[in-house]
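Reader: I should like a close look at a single part of this model, namely the place where its two chains meet. Please treat it in one connected account.

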Amino acid sequence: MLADVDWALIGQASLETLYMVSISTLFAALFGIPLGVLLVITEKGHLWEQPLIQSTLSLIVNIFRAVPFIVLVLFLFPVANFILNTSLGSTAATIPLIAGSAPFFARMVETAIREIDRGVMEAAQSMGASHFTIIRKVLLPEALPSIISGLTVTCVSLISFSAMAGIVGGGGLGDAAYRFGFQAYNDSMLFICGIILIILVQLVQGIGDWMSKHIDKR
Amino acid sequence: MIQFHHVSKRYEDKQKSTIAVDRVSLAIPEGTIYGIIGFSGAGKSTLLRMINGLEKPSEGQVFVADQEISQLADTQLRSRRQKMGMIFQHFHLLWSRTVRENIAFPLEIADVDPATLNKKVDYLLERVGLTEKADDYPSQLSGGQKQRVGIARALANDPSVLLCDEATSALDPETTRSILKLLQEINQELGITLVIVTHEMSVVQSICRQMSVMDHGKVIEEGTVEELFSNPKHPITKRLVTNELKSVDHVEEVLSIHLYDLRNWNSIQQLISRHPVHLQILPGNLNVHQPVISFRVQGKSEDITAVKSILQSANEEGLSC
């Protein structure tokens, strides 16, 4: 049965998945963390009360989270074209992946920071800490275990979303399973792609859990 | 010298405005230990927090060493705060940092160079008796040890004022005594002005020199501790003082209950409420490795015995489940 498996193709598809998922996880973190911090500190009674910024950001985040991913892919064709000069391929597929996951992760960061005891922040204020110091040395380190858990969840969902990247020719294991497995009536291809995806998810979740637990000193 | 000139603090809500501090004028001399006492909601914490600008007065002025705190710009206020330490009921330590790193935090904020920082932290660790715990995390410490870290942290930038917000209210009597002793030593050795906010008369009685009593946002009586204890004028002061005196024939004991039994808390509380005892949870004794909640129970000894047996039977029932 395994004779039907095109290992070169699987290898290629695995690399594409890894590429898309790691790039988009990186950028989801890069955009999501500041966005999550802003969502918290601009709210009433917090460090930098800005109701207008708060409600605008919240709306944008909700819009991106409400649009189904597959529609997001189509919507962001022009954006990918503008930034990368192409709307096809693995790199182009990371644009909708980032746009879909960054707001999702931002909400997780928001929740993680909100869990911190307000008194700790106040203690830092009483020592004369600036807003920036409070964010960098209190809010983010104290929320780090939860932020890492959130990033793990985001990364796992990115693995599953990346299967849809086939639409823009992004390739990857999901696309390989669909085209060379399902459509080509090649069950072993379908099976192997599935197995690799499961291993990948297990690996990401395992590493994430370990890291989160390791730094959690509560 | 810390001065309040006709200070008020109002919180405006949509419907109503509540007044937390009502036209308070006070002068706290330098180097003293000053107590502000009152029942909860009297506005004493709000008053304290105006000293380091965590709260801004709605009216009036607050001066610390002739500098009007309420008028300082943000950056000035921040550097001024570095010279005012503050400790809290629930400690507010950073759990992601070790004891050493927690104490180093205010020094990092003040941009102290690493060599000086390390020396200073070593000194502070030794001063509060936590040298051996330097690399532990707060979650591994007892309540009293956590407060010692809080004190060391508050002293890091050589403050002239130390603000204590119910600093011993989460601790058991024994630990409270040791913390108060430490605070007293700090006052004597370093000449720091201590402002202590509390609802426990015993705290004021044991270390404060001067005090004021607050009720509904107003200072209703002030003077030296001896004066107020021997000759209380206002009914509230009398109540506070006599409560304390009455407690001479009262006994105080720390009891505990397993976390698991808290699901029966309603019925336990009903049983306890039949006895006239004062019950206070001591969150400072919470410990991950030992899932029990401790209470400070004050009252007549027979009532305490009754409460003890109620808790005991709850514990046994819990075990049989």
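How many residues of chain A are in contact with how many residues of chain B? Please go on from there to the elements of chain A that take part.

Author: The model is a predicted one. In it, 23 residues of chain A are in contact with 22 residues of chain B. The area buried between the two chains is about 2000 Å², and carbon and sulfur atoms give 62% of that area.

The polar side of the interface can be described next. Between chain A and chain B there are two salt bridges. One of the two chains' pairings of this kind joins A:Glu122 to B:Arg49, with the closest N and O atoms 2.4 Å apart. Six residue pairs are in polar contact across the interface, both partners being at pLDDT 80 or more. On chain A, helix H6 (118-126) and helix H7 (131-161) each supply at least two residues of the side that touches chain B. By type, the residues of this side of chain A divide into nine nonpolar, seven polar and seven charged.

Helix H6 of chain A merits a closer description. At its N-terminal end A:Asp117 acts as a cap, with a side-chain oxygen 3.0 Å from the backbone nitrogen of A:Gly119. A:Gly119 is itself one of the buried residues of H6(A), and the others are A:Val120, A:Met121, A:Ala123, A:Ala124 and A:Ser126. These buried residues pack against elements of both chains: H7 of chain A, and, from chain B, helix H2 (74-81), strand S6 (84-88), helix H3 (99-109) and helix H5 (143-155). Just after H6(A), A:Gly128 takes a positive phi of about 90°.

The record adds a further layer for chain A. An unreviewed UniProt entry places the feature "transmembrane region" at residues 20-42, 63-84, 90-109, 143-168 and 188-208 of chain A. In the model, residues 143-168 of chain A are 73% helix and 0% strand, and the end C-alpha atoms of this span lie 36 Å apart. Residues 188-208 of chain A are 100% helix and 0% strand, with end C-alpha atoms 30 Å apart.

Finally, a contact set inside chain B may be noted. B:Arg127 is found in helix H4 (residues 114-127) of chain B. Leaving aside residues up to four places away in sequence, B:Arg127 touches B:Leu182, B:Glu185 and B:Glu189. With B:Glu189 the side chain of B:Arg127 makes a polar contact, side chain to side chain, at 2.9 Å.

Notes
Residues numbered from 1 in each chain as written. Chains lettered and ligands numbered in written order. Predicted model: local features only at pLDDT ≥ 70, side-chain atom pairs only at ≥ 80, totals over all residues. Heavy atoms only, no water. Contact = heavy atoms within 4.5 Å. Buried area = accessible area lost by both parts, 1.4 Å probe. Salt bridge = Lys/Arg side-chain N within 4 Å of Asp/Glu carboxyl O. Polar contact = N/O pair within 3.5 Å; in protein donor to acceptor, adjacent residues only side chain to side chain. Helix = DSSP H or I, 4+ residues; strand = E, 2+ residues; numbered from the N terminus. Nonpolar A, V, L, I, M, F, W, Y, C, P; charged D, E, K, R; others polar. UniProt positions renumbered as here; feature names shortened; annotations may be inferred. Buried < 20%, exposed > 50% of the residue type's maximum accessible area, 1.4 Å probe, protein only.
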